[in-house]
Amino acid sequence: MAERSGDDRLVRALRAVVGGEVSFATADRALMTMDASNYRRVPAGVVAPRDADDVAAALAVCREHGVPVVPRGGGTSIAGQATGTGVVLDFTRHMNRVLAVDPDARTAVVQPGVVLDRLRAAVGVYGLTFGPDPSTHSRCTLGGMIGNNACGAHSVAWGTTADNVVELRALGYGGERLRLSRGLDGLPSRLRDGLRSLTDDHLALLRTGFPDLPRRISGYALDALLPERGRDVARAFCGSEGTWGVLTEAVVRLVDEPRARALVVLGYPDEGTAADAAPTVLPYRPLTVEGMAADLMGDARGLLPQGEAWLFVEVGGDSPAEARAAAERLVHACAGDTVAGLGTAGGGRGGFTVVTEPARQRALWRLREDAAGTATRIRAGTSSAGPGGDTEAWPGWEDCAVPPARLGAYLRDFRALLAEHGLHGAPYGHFGEGCVHVRIDFDLLGPEGVSRYRAFSGEVADLVVAHGGSLSGEHGDGMARAELLPRMYGEPMVRLFERAKDLWDPADGLNPGVLVRPRPLDENLRFAVLPKGPVEVAFGYPDDGGDFTAAVRRCVGVAKCRTGTTGGAEVMCPSYRVTGEERHSTRGRARLLHEMLAGEVIEDGWRSEEVREALDLCLSCKGCRSDCPVGVDMATYKAEFLHHYYRDRARPASHLVLGRLPVWLRAVAAVRAAPLVNGLARVKPLAALGKRLAGVTPERAVPELAREPFTRWWQARGGNRASGPPADEVRAGVGAGASGRPADGGRVRGGGVRRRPAPGSRRAGRRGGGRPAAYRRALAGHLHQPPLAGGRPVGRGGAGGRRTAGGGTAPPGVLRAHLDLHRPAGRGPHGPAAHPGRAGARARRRTAGGRPGTQLHRGAPHRPARAARRRPQGGPARRGGAHLRRGAGGVRAALAAPAAGPPGSRPDPLPPARRPR
């Protein structure tokens with residue numbers, strides 16, 4: 001990739017002294033133009049330091065050349081502070097380790113690029129955790145959390161990041177090595193004397209100029225430098241957004257992980273009532289008090305208590321019984337005052353439920369964690385939607401905080417202000433601490449919409465201040481709210497912020513234009529560079545109005561695709577999990593497509609080699625289509641790009657050989673040449689030549705072709721397609737209508753519909769259309785409830801289960817029981833007597849989620865693979881994840897199945913599940 005820089009001497013100087021990677025290449029610059037905000041700034045280059053010495057060397061070179069520096073972690077900031085025009089320091093590549101854990105002192109030493117979940121896993125073996133946990137915990141870094149003073153759902157119990165920092169080590173733009181803790185001892189004399197003078201000269205302003213509320217994140221925390229607060233420099237540094245120094249190491253405080261948790265979900269008529277109720281929960285020492293409205297629940301709201309808004313209140317204990325008892329005490333105390341109808345079967349508009357099963361708790365928390373993405377698509381028909389269809393919504397005004405006791409009143413005034421400006425949004429967030437997140441449907445594509453965005457931002461800032469709040473309650477000010485700080489603090493305090501910035505960074509080389517002396521909040525918007533007219537495309541993009549640019553805009557940067565851990569039902573993004581490189585994540589590819597459309601950094605459009613190389617490792621697995629909170633469909637975007645890239649060009653041989661593999665295989669089967677092909681493949685020179693021509697890596701062995709195709713084998717035994725095993729048993733489908741399949745269970749084949757035989761009919765028994773009674777009894781016995789309607793697996797559910805047509809989830813144990821019931825003779829407790837005649841033949845060709853003819857090998861573990869999503873042969877192509885709109889389908893399915901318990905136990909009271917629409 002070509003490198004473009006205004007100063008080649010800067011590149012050479014950095015490479016001479018930095019041990020990590022130094023890249024001024026087009027693709028690397030394009031990947032760093034945006035974070036998760038509305039803003040875009042193009043950097044000069046990217047440096048990935050290996051250690052603190054690399055950071056010091058890079059700072060020295062940049063200082064010599066007058067180039068600003070921007071520290072960056074996971075790039076999930078929502079106010080634009082992780083973007084910049086100078087050199088970006090990417091700490092996620094190398095400085096990403098947990099250096100030490102002291103379980104006795106309850107501390108850990110970390111590098112700035114370590115992901116929060118990695119720290120939690122490292123300390124979890126000691127029964128400890130790090131208290132603050134933003135919804136991006138699987139990809140946000142500790143350096144970014146310290147820079148923004150991140151909080152998360154559990155801050156109501158364990159505080160903000162600043163509350164959990166013991167000591168920091170940082171480097172100033174001038175090269176000073178800083179050790180920050182309580183007191184001024186670790187600072188150079190210039191900075192030590194300057195901070196003491198700044199504080200002592202403005203004691204009255206610092207003691208009275210900051211609002212007293214738990215989520216005051218806006219501005220610099222200069223009040224932490226007061227003498228009565230121990231002159232806590234480390235605490236003051238938290239939330240400085242990379243403008244004071246570059247963090248290289250941190251000692252953080254750990255807390256005890258509760259041994260058991262219970263989740264109480266309380267339903268209310270509206271979000272204002274829920275917000276009014278939040279302070280009444282606090283005396284019971286909850287771990288979380290989160291608020292969600294119905295607009296963000298989608299199909300999953302049927303599994304929640306009655307209501308239009310909910311509080312998710314988590315409590316802990318040393319045992320499951322203790323946690324449940326705490327939950328029941330909370331429900332008993334809160335129900336009389338705030339819940340207008342006890343239980344989910346009550347006739348009022350409120351209700352409650354207590355969830356103790358970890359899998360179901362995780363499924364509910366996924367709704368909350370995905371809200372930052374799902375809120376960017378306001379669903380048509382919801383109370384937060386505008387006229388017409390689904391609308392785009394953006395961060396802009398994202399996370400203000402007011403005193404918890406005033407949150408309900410603030411939300412009512414906020415809704416009125418939205419209506420006055422003709423805007424819509426779905427508030428959610430940390431109601432227990434008065435912090436509200438919201439994505440609003442600003443039209444940021446044209447000048448009129450941008451002007452309205454600016455006017456609304458000023459008015460809502462005044463509203464927050466009137467309620468005694470902070471413009472930012474979690475994500476910092478960045479470029480989105482820094483211009484509005486005088487409305488909150490007044491000019492004298494803002495001048496004090498500027499003086500503090502000048503003490504820490506006299507040359508203004510660290511993240512300039514952020515927090516102090518900012519640019520206008522409506523400049524550098526990332527949408528301004530996109531094409532104003534339609535782009536010629538091959539696909540329809542019906543969910544984006546046929547606009548490829550709108551499809552690319554779907555990626556808002558929450559970076560769920562950057563999750564590096566494996567396990568669970570989610571698969572996004574497999575290529576990133578292997579390489580760990582941003583360009584191989586769904587977000588990275590979307591960023592490159594954005595810059596391709598913009599034409600400023602990537603200038604060769606559809607012929608871009610940078611985009612082609614990034615898309616080359618995309619498996620087109622459709623994992624992003626279902627796992628991404630906003631439904632990015634990178635497989636379709638890749639096909640679109642390759643269509644244009646190879647227009648009027650010869651395609652590689654691998655495209656022709658592998659793309660037409662079914663044609664070649666049918667030809668080999670027709671002439672019965674499989675033995676000949678297998679023999680030739682065993683000749684190493686010929687195999688090497690064939691792999692080279694086909695574009696297959698030399699290390700890959702050539703698979704052996706079956707001597708007899710399955711179709712011929714099946715027909716030779718008198719079988720036919722109609723008499724084969726039901727399609728819903730050999731491959732999982734989706735809910736009614738989600739893939740074009742008839743709602744009554746018929747199957748589409750070549751444009752026609754074959755009705756599924758009625759259970760119990762002679763045709764059902766002869767053709768396998770019914771369910772074995774033993775299967776239904778096993779399913780009902782495992783769930784301790786009547787058999788689910790239909791009882792057939794139709795898709796993948798959460799919590800490791802398989803979703804059923806009745807809306808429930810067959811847990812893995814049920815699936816194993818199903819396999820046992822259909823296991824070939826000699827391979828399980830159910831022998832040939834359980835499957836006489838043709839049923840036994842069918843059983844020998846079944847695996848859950850597999851295809852006919854797939855053998856169930858002895859000892860092979862059941863794996864609900866993605867083969868479960870393959871479409872039936874001859875049937876309509878299924879749009880991956882259509883039944884998981886906004887991620888709600890999988891969550892709803894996971895919640896539908898009560899966890900197995902001892903005989904006679906009863907599940908938690910949840911309403912019956914509904915089929916996905």
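**Notebook: cavity, cores and backbone**

I began with the largest cavity, which is lined by 43 residues; Thr-76, Ser-77, Gly-144, Met-145 and Asn-148 lie nearest its centre. The model I am reading is a predicted one. I noted a volume of about 620 Å³ for this largest cavity. In total I counted 14 cavities of 30 Å³ or more.

Next I looked up which elements build the lining. At least two residues each come from β3 (69-72), α5 (142-148), β10 (246-253) and β18 (428-430). I put α5 at the head of the entry, since its six residues are the largest share of the lining.

**Chain as a whole**

I then took the totals. The protein chain has 917 residues, and 57% of them are buried. I find 34 helices and 24 strands in the chain. Among contacts with a separation of 6 or more, 70% join residues 24 or more positions apart. The exposed surface comes to about 36300 Å², and 53% of it is supplied by carbon and sulfur atoms.

**Confidence**

I checked pLDDT before going further. The mean for the protein chain is 79, and 74% of the residues reach 70 or more. Where does pLDDT stay under 50? I marked residues 383-389, for which the model has 15 contacts beyond four places in sequence. I also marked residues 721-917, where pLDDT is below 50 and the model has 339 contacts beyond near neighbours in sequence.

**Nonpolar cores**

Nonpolar side chains in soluble globular proteins tend to be buried together. The largest nonpolar core here holds 112 residues. I listed the members that touch the most others: Leu-222, Leu-266, Leu-311, Trp-397, Tyr-410, Phe-414 and Trp-504. I followed Leu-222 from that list. Leaving aside neighbours within four places in sequence, I find Leu-222 in contact with Leu-198, Leu-206, Phe-210, Trp-244, Leu-496, Phe-497 and Ala-500. A second core, separate from this one, has 37 residues, including Leu-530, Ala-551, Val-552 and Leu-593.

**The loop between α18 and α19**

Lys-560 lies in the loop between α18 (548-553) and α19 (574-579). Is Lys-560 buried or exposed? I count Lys-560 as buried, because its relative accessible area is 8% and the cut-off for buried is under 20%. Not counting residues up to four places away in sequence, Lys-560 touches Arg-139, Arg-366, Asp-370, Glu-570, Met-572, Asp-627 and Pro-629.

Met-572, one of those contacts, led me to a backbone entry. The peptide bond from Met-572 to Cys-573 is cis, with omega near -5 degrees. Cys-573 has its place in the loop between α18 and α19.

**The loop between α17 and α18**

Most residues other than glycine have a negative phi, and most peptide bonds are trans. I therefore noted two entries with a positive phi. Asn-511 is in the loop between α17 (491-504) and α18, and its phi is near 50 degrees. Asn-511 is buried, with a relative accessible area of 1%. Leu-515 is also found in the loop between α17 and α18. I read a phi of about 75 degrees for Leu-515, although it is not a glycine. I count Leu-515 as buried too, because its relative accessibility is 2%.

How values were computed:
Residues numbered from 1 in each chain as written. Predicted model: local features only at pLDDT ≥ 70, side-chain atom pairs only at ≥ 80, totals over all residues. Heavy atoms only, no water. Core = buried A, V, L, I, M, F, W, Y, C linked by side-chain atoms within 4.5 Å. Buried < 20%, exposed > 50% of the residue type's maximum accessible area, 1.4 Å probe, protein only. Contact = heavy atoms within 4.5 Å. pLDDT = per-residue confidence, 0-100. Helix = DSSP H or I, 4+ residues; strand = E, 2+ residues; numbered from the N terminus. Areas by Shrake-Rupley, 256 points an atom, 1.4 Å probe, with all protein chains shown as cover. 1 Å grid on protein atoms, 1.4 Å probe; cavity = no way out; pocket = protein on both sides within 12 Å on 5 of 7 lines; lining within 4 Å. Points joined across faces, edges and corners; volume = space filled by probe spheres on them.
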